[in-house]
Amino acid sequence: MIETIYIARHGFRSNWIDPNWSVLGGIDHPLAAYGETQAQEVAAYFRSLPVSKQPTAIFSSPYYRCLQTALPTASALNLPIYTEHGIAEWYSPAYIPEIDPSWSSIWYPSRTGEDVDQVHARVNGFLELFIPEVERRFSDKHKCILLVSHAATVIALCRGLLAQPDMPLRVGCCSISEFTRKPGAVGIVGAWEPKLLADGSHLKDGSSREWGFEDIQISNGKVINDIGIPGTGYIVDDTCGPQIQRSSL
């Protein structure tokens, strides 16, 4: 049974230093050198924990910046990296040879975008399927896992685990949140206690580039004054949503 969930946001993006630096037509941005240093600091933090508290598997958004953030921890602790589209910011697969292909994503987000309510609904639906599926596939192998994702998704994950959909939270690059399962808790959403929330104390320069939902302008749950990513209007959502059936248990 999963007892501890760690959630990390990716490191500092290269396009925040040079707006012209990107891959996949501007959709996916790799880490800057500073972000790579932050990822190494995340690895040092997890390596410093008692073995019983270290994650034994990493589930990463398929975005390259998240995979880059996960890689130092995976290397330091000799862990597999599984890509999971359910914690992606946008459907955009990337590849590094360290990805373990044995995991199939539980959830595919909309490729045409989500409003604020939809990203929270996606994450809650994902959590309800993901945690039981990890426990089913791996039995008792993984008691502590690490999720590497993006600011908005990290916030939605934290809110979902605590069943606090309006909880104020800002997350910085390579910040870490930690949740432990409540004794005797039933279900997934709301069954966890926070030990850390978007903590950056493990980073030499502390938390940076913090983001919260209050940083975007919202009207009736919709993001306004955002032109989106050009060229995505033609995409058809033929695979979005849950990829497995909910358990009847």
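Is T153 buried or exposed? I looked it up in this predicted model: T153 counts as buried, because its relative accessibility is 1% and the cut-off for buried is under 20%. T153 sits in helix α4. Skipping residues up to four places away in sequence, I found T153 touching I87, A88, E89, R122 and V123.

Next entry: the core. I learned that nonpolar side chains tend to be buried together in soluble globular proteins. Here the largest nonpolar core has 39 residues, and I5, I7, F59, F130, I131, L147 and W192 touch the most other members. Elements giving two or more residues to this core include β1, β2 and α3. Helix α3 gives the largest share, 10 residues. I then picked I131: beyond its neighbours within four places in sequence, I131 contacts I2, I5, L161, R181, I188 and W192. Another core, of 22 residues, lies apart from the largest one, with L67 and V148 among its members.

Last entry: charges. I counted seven salt bridges in the structure. E133 pairs with R137, with the closest N and O atoms 2.8 Å apart. Both lie in helix α3, four residues apart, or about one turn of the helix. E133 is buried at 9% relative accessible area, whereas R137 is partly exposed at 30%.

I also checked R181 and E135, whose side chains meet in a salt bridge at 2.6 Å, N to O. R181 is in strand β6 and E135 in helix α3, so this pair ties together parts 46 residues apart in sequence. R181 is buried at 17%, and E135 is partly exposed at 22%.

Key:
Residues numbered from 1 in each chain as written. Predicted model: local features only at pLDDT ≥ 70, side-chain atom pairs only at ≥ 80, totals over all residues. Heavy atoms only, no water. Core = buried A, V, L, I, M, F, W, Y, C linked by side-chain atoms within 4.5 Å. Buried < 20%, exposed > 50% of the residue type's maximum accessible area, 1.4 Å probe, protein only. Contact = heavy atoms within 4.5 Å. Salt bridge = Lys/Arg side-chain N within 4 Å of Asp/Glu carboxyl O.
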